[in-house]
Amino acid sequence: MSPRSILSIGLAIQTVSIHAAAYCLAGQACFPSDDVLATFEQSLGGNLIKTLPYGSACYSATYNAEECLKLANQSQTFDFRESQAAAVMYINNEITKDGEGCPVPITTADGSPPAAINGSCTLGNMPSYVVNVTCAHDVSLAVKFAAAHNLRLRIKNSGHDYAGRSAGKGALSIWTRHLNEAVLIEDFSPEGVHGYSTDVVSAGPGVNVEELNQWGADNARVTIGGYTPSVGATGGYLLGGGFGPTAPHFGMGVDNVVQFEVITADGDIKIANSAKNQDLFWALRGGGGAFGVVTHVWLKAYPALAAVNTVAGPVVCQDRASYEQMINTLIDLQVPLNDAGHSVSQIWIGHNQCAIHSNYC
Ligand SMILES: Cc1cc2nc3c(=O)[nH]c(=O)nc-3n(C[C@H](O)[C@H](O)[C@H](O)COP(=O)(O)OP(=O)(O)OC[C@H]3O[C@@H](n4cnc5c(N)ncnc54)[C@H](O)[C@@H]3O)c2cc1C
């Protein structure tokens, strides 16, 4: 099947689901009974979580001052939000368009516990059940269960999706964050590929940028990854393209994948690479999470660089000419630094201030 035809099918499926939109949500009569859910949980070795709104300690019906203070202090941090089965990075994605949810108050000026909120605390846009997956087989079971019961299915890794696609009211969610092992394989040949091998990091889809960088430091290797430590380096980041500090040297994240293991909508576990399921391999490298649930990736691993430099920050320039001169100087430095074994990338914020500020460049 050609890349163009796979894309047309993807779009056609999306169009149908937008019009049909008749998934069975938690709380509706069609949703699986407690007995059916208990059997499903057993098949998963107990890894099914019935979610609760994490902010309930701050609401009058269930108020607990000490817990609420802890929540107010922690709930804005990436670490806290990433550790929750039913949370995503941006609170607006946790709340439904009708305002349902359970937002936590911010810290008080004197550090005392926030007052109890008189209002309703509900899951809002968060899933009702989460499969905390430990292996590809769990994902396969979850996909088949969702298909059999017509459930809204979501995939969440770190929850960084700007558009909130890792959240979904009344959904069953596949949580991949704990598939975060990473090991070095030297001279790896993708299945069915002959005459080619490369060193790879063989990793679960839950490895975040910080963990991947640590893996590199431990193994004297370097691979791709983003700028923010908590972004899922082998999950949504990779499936969407993936740009980071080593991109000037090695290309985008997707340029460095040599093989995926993926669960497709029928629940089958498939290998996708340049020899097997090539259409899926093509679609996953940039097509996001629409084509299956990735359960393992094999990414090229390179010998460690002399240095990985990121130049980032707000720029305040005297005038446009000095701003351009600074950018040109950095671009001119890029090639000799790359040749000397450095990877240099630049993120500039606020260059439009050049005209109004007169400090330095
Ligand atoms: C603070 C911040 C910093 C960022 N920095 C960078 C950066 O430096 N470089 C860059 O390129 N991007 C960056 N991004 C964008 C980021 O890569 C995307 O938001 C990406 O989708 C996050 O993926 P995730 O798995 O961490 O998040 P999630 O929200 O968990 O997932 C994102 C999407 O991918 C899907 N998905 C996740 N895992 C799988 C899987 N295993 N199989 C199938 N589908 C899956 C989810 O369903 C969802 O639709 C940043 C985003 C934020 C919020």
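**Ligand environment and backbone geometry**

A nitrogen atom of the ligand lies 2.9 Å from a polar backbone atom of V294 in this predicted model. Two further pairs involve oxygen: an oxygen atom of the ligand is placed 2.8 Å from a polar backbone atom of I155, and an oxygen atom of the ligand is found 2.8 Å from a polar backbone atom of Y227. The ligand taken alone exposes 950 Å², of which the protein buries 87%.

The ligand is surrounded by 28 residues, and those that come nearest are I155, N157, S158, S166 and F243. By class, the shell comprises twelve nonpolar, 13 polar and three charged residues. At least two shell residues are supplied by each of β3 (153-156), α7 (236-239) and β10 (293-300). The largest share, three residues, comes from α7. Both domain 1 (3-175) and domain 2 (182-303) contribute to the shell, with at least three residues drawn from each.

Positive phi values in residues other than glycine were also examined. N150 has a phi near 55°, a positive value in a residue other than glycine. This residue, N150, belongs to the loop between α5 (136-149) and β3, and N150 is partly exposed, with a relative accessible area of 38%. For A220, phi is likewise positive, near 55°. A220 is located in the loop that lies between α6 (209-219) and β7 (221-222); the relative accessible area of A220 is 48%, and the residue is therefore classed as partly exposed.

Conventions
Residues are numbered from 1 along each chain as its sequence is written. This is a predicted model: local features need pLDDT of at least 70, side-chain atom pairs count only at pLDDT 80 or more; totals for chains, interfaces and linings use all residues. Side-chain values use heavy atoms; hydrogens and water are left out. A residue is near a molecule or strand if one of its heavy atoms lies within 4 Å of it. A polar contact is a pair of N or O atoms within 3.5 Å; within protein, one must be able to donate a hydrogen and the other to accept it, and residues adjacent in sequence count only if both atoms are side-chain atoms. Accessible areas come from the Shrake-Rupley method with a 1.4 Å probe; for residues, only the protein chains shown count as cover. Helices (H or I, at least four residues) and strands (E, at least two) are DSSP runs, numbered from the N terminus. Ala, Val, Leu, Ile, Met, Phe, Trp, Tyr, Cys and Pro count as nonpolar, Asp, Glu, Lys and Arg as charged, and the others, Gly among them, as polar. Domain bounds come from an automatic or database domain assignment. Buried means under 20% relative accessible area, exposed over 50%, partly exposed in between (1.4 Å probe, protein chains only).
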